[in-house]
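Dear colleague,

Please find below the sequence and the structure that I am handing over to you. My notes on it follow directly after.

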Amino acid sequence: MSISPRLAAAVVVARVKPLVRDQGPGDRGQGNDGDSDSSSQNDASKGVGGEASQNDASKGVGGGASQDDASKGVGGGAVASAGAGGPGTAAVEAADETSEDAMYGAGAGGERLVDLAAPLNEDVELWLLKEQDEAALKVLRHSAAHVMATAILELFPETKLGHGPATENGFFYDVYRETPFTEADLAAIEARMAEVVARDDKFVRECELREPALREYAEDGEFMKVHFIEKFTKPGELVSFYRNGVFSDFCRGPHIPSTGRVKAYKITSIAGAYWLGDEKNQQLQRIYGTAFFNAKDLDAHFKRLEEIKARDHRVLGKQLDLFSIQEVAGAGLIFWHPKGGMVRKTMEDWMREECIRRGYDMVFTPHIMRRELWKISGHEGYYSENMYPPMELDDAEYRLKPMNCPGHILIYKSSPRSYRDLPQRYAELGNVYRYERSGTMHGLLRVRGFTQDDAHIFCTPGQIEDEVVACIDFAESVLRTFGFSEFKVELSTWDPAKPKDYTGSAEHWNQAIASLKHALERKSIPYRTIPGEAAFYGPKIDIKLVDVLGRMWQLSTVQFDFNLPARFELEYKGEDGELHRPVMVHRALFGSVERFFGVLIEHYAGAFPLWLAPVQVGLVPISSEKHMNYAEHVKATLEAAGLRVELDARNEKMNAKIRDFGLQKVPFILILGDKESQSNSVSVRMRGKGDQGSATLDDFVARAKGLVAGHAMEL
Ligand SMILES: [Zn+2]
Ligand SMILES: [Zn+2]
């Protein structure tokens with residue numbers, strides 16, 4: 001490729017896609033977000049008949065939560081592949097390139113990133129990526145990982161290298177060394193990185209025959225490199241290496257042009273990790289760092305991490321007395337304290353009313369059911385390891401429910417159904433219990449017992465598109481009402497080349513995928529299609545919200561199911577008088593009530609909008625004797641208007657009371673003294689806005705009620 005020298009200075013990497021004649025225009029321009037979490041499917045969402053997706057949370061959403069999974073995290077911006085000279089509306093349908101597969105294997109969808117120096121042996125579409133492109137940042141970070149590995153080997157040559165991918169927030173390199181690295185070692189490595197950068201060595205791609213390369217690595221005891229080459233290349237192939245100076249690393253690339261381009265970086269932490277995740281293997285050290293194209297971005301990154309820390313729902317949950325997790329009761333089990341309980345009641349009331357308004361029936365199903373039922377549903381086979389073990393009762397064995405679906409199915413099956421009865425929409429705020437490995441729990445985000453706002457829709461094939469549209473509409477309403485304006489949508493479909501991996505016919509799949517697509521198009525919602533990511537029993541739509549810090553959270557799911565209706569032999573009598581199998585859709589909008597609450601706490605930093613706030617108005621009598629009667633009158637008036645009020649009757653100074661309500665993030669504080677009690681008025685302080693002057697009690701009540709009724713976000 002030839003580009004002008006001026007352009008070349010800004011361009012760091014290129015993206016190419018082979019030109020294929022039959023490429024349909026329909027697949028372009030719809031999905032456009034290259035966020036990299038397509039690999040973050042969890043067991044739950046792949047389980048039998050399962051839709052819940054609480055687990056995505058802990059896969060390192062955006063920030064510092066769980067670095068281990070940062071590479072599977074979300075939260076980065078879109079991959080804009082419109083570099084200079086490239087088409088401006090490139091769609092990136094494929095998964096982004098953070099996984100091992102993407103690093104060493106073939107790029108999905110034919111699209112791949114290449115070095116500027118890479119030979120182009122075929123006709124391609126070409127985008128030149130500059131520093132501001134998200135994908136370029138990943139290349140920079142992976143290059144920074146090579147720089148770090150170079151520094152490590154210069155200082156500690158006995159170290160063996162694993163792999164060093166870019167992540168959402170930076171990069172890491174897994175290394176093996178008998179002696180653990182100390183803080184001082186890390187500081188020395190970071191200092192040495194500056195020397196590697198100053199040398200400005202070119203990243204040079206070199207190819208070698210696989211077998212001699214393998215032999216050489218094996219002789220050097222590089223057991224991890226041997227593993228990666230064996231795993232990601234085939235016998236007889238040429239294997240690519242990237243060399244900077246004398247350091248060379250097995251790598252698919254691409255890389256930025258030279259080490260000198262790594263300008264702003266930092267080693268951030270170190271953690272232990274077992275080789276291949278197996279505790280019988282060697283203990284590796286995973287050294288984390290991050291890198292940006294400039295110091296300003298690096299600073300902003302650390303500021304953001306601080307902000308994330310300050311919003312940690314576990315810390316705020318304690319400060320604001322919202323919830324707890326108690327050692328004596330067990331890990332991953334949530335106690336909702338009165339204030340958290342009030343927020344939850346408000347969330348649930350809203351959800352139940354909306355369900356009823358939208359034509360759902362509210363149902364309740366048991367928490368434990370006979371093992372036999374889980375055998376019919378298939379959970380006993382495919383999902384058993386996520387379930388609590390059976391308990392023996394007098395007549396049979398029982399298991400705690402990990403999902404609500406079989407319960408709803410039994411309600412459907414309890415009487416014969418005709419097409420006139422459909423759709424049946426059963427909604428339940430259902431408590432489910434799932435086994436999570438100890439040590440993997442995380443506050444409200446990853447737990448062992450949680451509440452799904454679960455619903456199952458049974459309908460005819462002809463009704464399905466409208467039902468999906470209604471689900472998406474409902475999901476949008478949830479997001480808007482709770483204060484999220486931005487969200488991303490993914491459509492997970494099957495791999496039609498492997499029909500044996502899926503249940504249901506090609507006709508079923510095509511029809512279901514088409515109805516999901518049509519529904520999204522009818523709503524004019526941009527989405528990204530991820531082929532091969534569907535669970536074996538049906539395609540699905542995932543909706544991820546973007547919070548105030550730009551982090552993405554998986555919440556709502558609309559999931560088709562071809563499996564359970566067949567296993568339970570569900571039927572309805574059609575217009576033709578024949579029996580037909582209904583279509584079944586699982587859908588959850590909050591996802592998990594616990595997790596959604598955790599997201600809300602972090603999104604609002606505990607300062608909930610008025611309608612959700614556990615205490616909406618704090619009353620501060622200036623004198624706890626003189627003004628107490630009036631304060632009681634105000635309290636009674638506000639409570640009669642349906643507002644949640646707390647009266648601070650302590651014999652404390654006014655300012656101390658105001659401060660304490662402030663710490664509790666109470667939206668309105670009313671000061672009540674002589675003037676107020678004489679004129680039946682209140683002196684208003686608003687959270688974040690301070691003194692608002694005085695208002696008559698009636699006017700204040702009307703205003704507060706209006707804000708609550710309108711689910712106002714400004715307070
Ligand atoms: Zn590399
Ligand atoms: Zn379900």
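Which residue in β28 does G618 stand opposite? The residue is I669. Please bear in mind throughout that this is a predicted model.

The surrounding sheet

G618 belongs to strand β26 (residues 617-621), which pairs with strand β28 (residues 668-672) in the parallel sense over five bridges. Both strands are part of an open, five-stranded sheet with the order β27-β26-β28-β29-β30 and mixed pairing. Its edges are formed by β27 (645-647) and β30 (690-696), each of which pairs on one side only. On average, and ignoring direction, neighbouring strands of this sheet are turned by 25 degrees against each other.

Two helices pack on this sheet. Helix α18 (residues 628-640) touches β26, β27, β28 and β29 (681-686), and its direction makes about 165 degrees with that of β26. Helix α19 (residues 654-663) touches β26, β28 and β29, with an angle of about 170 degrees between its direction and that of β26.

A three-stranded sheet and its helices

A further open sheet consists of three strands in the order β6-β7-β8, with antiparallel pairing. Strands β6 and β8 (247-250) are at the edges and have a single partner strand each, so one side of each is left without a neighbour in the sheet. The average turn between neighbouring strands here is 35 degrees, direction ignored. The pairing of β6 with β7 is antiparallel and extends over six bridges; E208 stands opposite V239 in β7.

Helix α4 (residues 134-155) lies across β7 and β8 and runs at about 125 degrees to β8. Helix α6 lies across β6 and β7, at about 100 degrees to β6.

Helix α6 in detail

Within α6 (residues 210-219), the residues A213, L214 and Y217 are buried. Viewed down the axis of α6, its buried residues fall within an arc of 100 degrees, so they line one face of the helix. The elements that cover them include β6 (204-209), α7 (223-232) and β7 (238-244). On the face of α6 turned away from the buried side are the exposed residues P212, R215 and E219. Just after α6, G221 takes a positive phi of about 75 degrees.

The chain as a whole

The protein chain has 21 helices and 30 strands. Of its 715 residues, 45% are buried. Among contacts with a separation of 6 or more, 73% are between residues 24 or more positions apart.

With kind regards

Methods: Residues numbered from 1 in each chain as written. Chains lettered and ligands numbered in written order. Predicted model: local features only at pLDDT ≥ 70, side-chain atom pairs only at ≥ 80, totals over all residues. Helix = DSSP H or I, 4+ residues; strand = E, 2+ residues; numbered from the N terminus. Buried ≥ 20, exposed ≤ 12 C-beta atoms within 10 Å, placed from the backbone. Contact = placed C-beta atoms within 7 Å. Pairing = 2+ DSSP bridges. Axes fitted to C-alpha atoms, helices over the stretch in contact; angles between N-to-C directions. Arc of directions from axis to C-beta.
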